[in-house]
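Student: I am new to this one, and I would like to learn how its descriptions are justified. Could we look at it together?

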Amino acid sequence: MFVITLAITFIFIIMSLLDYDTMYVNDIFQLILLIIVIISMFFYKVSLLDRILGTIFLTIPLYLINHFKECIGGADLKLITIMGWMLGFYDALIGFSIGVIIASLFSIIMLLLNKVTLKTFIPLIPFLCIGFYISLINIQIWPTYFI
């Protein structure tokens with residue numbers, strides 16, 4: 001699991017830097033992440049139903065919203081889809097939520113400092129990667145939930 005986590009870490013860093021610098025992430029990095037996630041299915045015990053729910057219920061609403069008003073990039077949607085499949089619904093939702101909260105706080109601070117306007121696009125992938133990474137580490141530390 002360490003090697004998989006390390007590979008995901010490197011891909012997250014590359015994608016984050018690219019998105020921050022250019023607001024564009026080449027599909028090759030998404031494909032590499034997808035291959036890593038497929039390999040990880042043998043190590044991360046997430047049920048098939050949870051994977052399907054994580055993929056569908058996180059991606060489809062965002063895709064529909066984005067269809068009517070562009071508010072999220074294609075690479076962001078692909079990352080959310082791939083991580084929804086890897087982490088399952090609950091952990092992907094937590095990771096997505098953490099990433100969006102951090103992005104929101106960053107945006108508010110940048111607005112207060114007059115560095116951006118309300119019409120400025122910010123790169124979302126770095127924040128999503130942070131959230132998904134926290135969720136990924138959480139799975140490794142606490143693999144079962146005590147609810």
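**From values to words**

Tutor: Let us start with asparagine 114, which is exposed, with a relative accessible area of 67%. Keep in mind that this is a predicted model.

Student: What makes asparagine 114 exposed?

Tutor: Exposed means over 50% relative accessible area, and asparagine 114 has 67%, so the word fits. The residue sits in the loop between helix 5 and helix 6, just after helix 5. Its phi is positive, about 60 degrees, although asparagine 114 is not a glycine.

Student: Which residue just after helix 1 takes a positive phi?

Tutor: That is methionine 23, with a phi of about 60 degrees, and it is not a glycine either. Methionine 23 lies in the loop between helix 1 and helix 2.

Student: Why is methionine 23 called partly exposed?

Tutor: The label covers what falls between the 20% limit for buried and the 50% limit for exposed. Methionine 23 has 41% relative accessibility, so it counts as partly exposed. Leucine 18 in helix 1 is judged in the same way: at 28%, it counts as partly exposed. Leaving aside neighbours within four places in sequence, leucine 18 is in contact with Met23, Tyr24, Val25 and Phe29.

Student: How far apart are leucine 18 and proline 126 in sequence and in space?

Tutor: They are 108 residues apart in sequence, and 9.2 Å apart in space, C-alpha to C-alpha.

Student: How do you know that the span of helix 4 agrees with its number of residues?

Tutor: Helix 4 runs over residues 74-87, which is 14 residues. At 1.5 Å a residue these should span 20 Å, and the end C-alpha atoms are 20 Å apart, so the two values agree. Helix 5 passes the test too: its 24 residues should span 34 Å, and its end C-alpha atoms are 34 Å apart. For helix 1, with 21 residues, the reach is 30 Å, close to the 30 Å expected.

Student: What makes helix 4 mostly covered?

Tutor: Ten of its 14 residues are buried, meaning under 20% relative accessible area. Among them are Leu77, Leu79, Ile80, Ile82 and Met83. After helix 4 comes glycine 88, whose phi is positive, near 85 degrees.

Student: Why are helix 1 and helix 4 called roughly antiparallel?

Tutor: They pack at an angle of about 165 degrees, with their axes 13 Å apart. Angles over 145 degrees count as roughly antiparallel, and therefore the term applies to this pair. Helix 1 passes helix 4 in a left-handed crossing. Where they meet, Ile8, Phe12, Met15 and Asp19 of helix 1 face Asp76, Leu79, Met83 and Met86 of helix 4. Those four helix 1 residues are among the buried ones in that helix.

Student: What makes helix 3 oblique to helix 5?

Tutor: Helix 3 and helix 5 pack at an angle of about 40 degrees, with their axes 7 Å apart. Roughly parallel needs under 35 degrees and roughly perpendicular begins at 65, so helix 3 is oblique to helix 5. The residues making the contact include Leu53, Phe57 and Leu62 of helix 3 and Phe89, Leu93 and Phe96 of helix 5.

Student: How many aromatic pairs are there?

Tutor: The count comes to two, taking ring centres within 6.5 Å. Phenylalanine 57 and phenylalanine 89 form one of them, with 6.3 Å centre to centre and 80 degrees between the planes. The pair links helix 3 to helix 5, at positions 32 residues apart.

Student: Why is the pair of phenylalanine 57 and phenylalanine 89 called edge-to-face?

Tutor: Planes over 60 degrees apart earn that name, and these are at 80 degrees. Phenylalanine 89 itself counts as partly exposed because its relative accessibility is 29%.

Student: What makes the pair of phenylalanine 106 and phenylalanine 127 tilted?

Tutor: Their centres are 5.2 Å apart and their planes are at 40 degrees. That angle is neither under 30 degrees, as stacked requires, nor over 60, so the pair is tilted. Phenylalanine 106 lies in helix 5 and phenylalanine 127 in helix 6, so the pair ties together parts 21 residues apart in sequence.

Student: Is phenylalanine 127 buried or exposed?

Tutor: At 11% relative accessibility it is below the 20% limit, so phenylalanine 127 counts as buried. Phenylalanine 106, at 30%, counts as partly exposed.

Technical notes: Residues are numbered from 1 along each chain as its sequence is written. This is a predicted model: local features need pLDDT of at least 70, side-chain atom pairs count only at pLDDT 80 or more; totals for chains, interfaces and linings use all residues. Side-chain values use heavy atoms; hydrogens and water are left out. Helices (H or I, at least four residues) and strands (E, at least two) are DSSP runs, numbered from the N terminus. The expected span of a helix is 1.5 Å times one less than its number of residues. Buried means under 20% relative accessible area, exposed over 50%, partly exposed in between (1.4 Å probe, protein chains only). Rings of Phe, Tyr and Trp (its six-membered ring) pair if their centres lie within 6.5 Å; planes under 30 degrees apart count as stacked, over 60 as edge-to-face and the rest as tilted. Axes are lines fitted to C-alpha atoms, for helices over the stretch in contact, and angles run from 0 to 180 degrees between N-to-C directions. Angles under 35 degrees count as roughly parallel, over 145 as roughly antiparallel, 65 to 115 as roughly perpendicular and the rest as oblique. A crossing is left-handed if the near helix is turned anticlockwise from the far one by less than a right angle, and right-handed if clockwise. Contact means heavy atoms within 4.5 Å.
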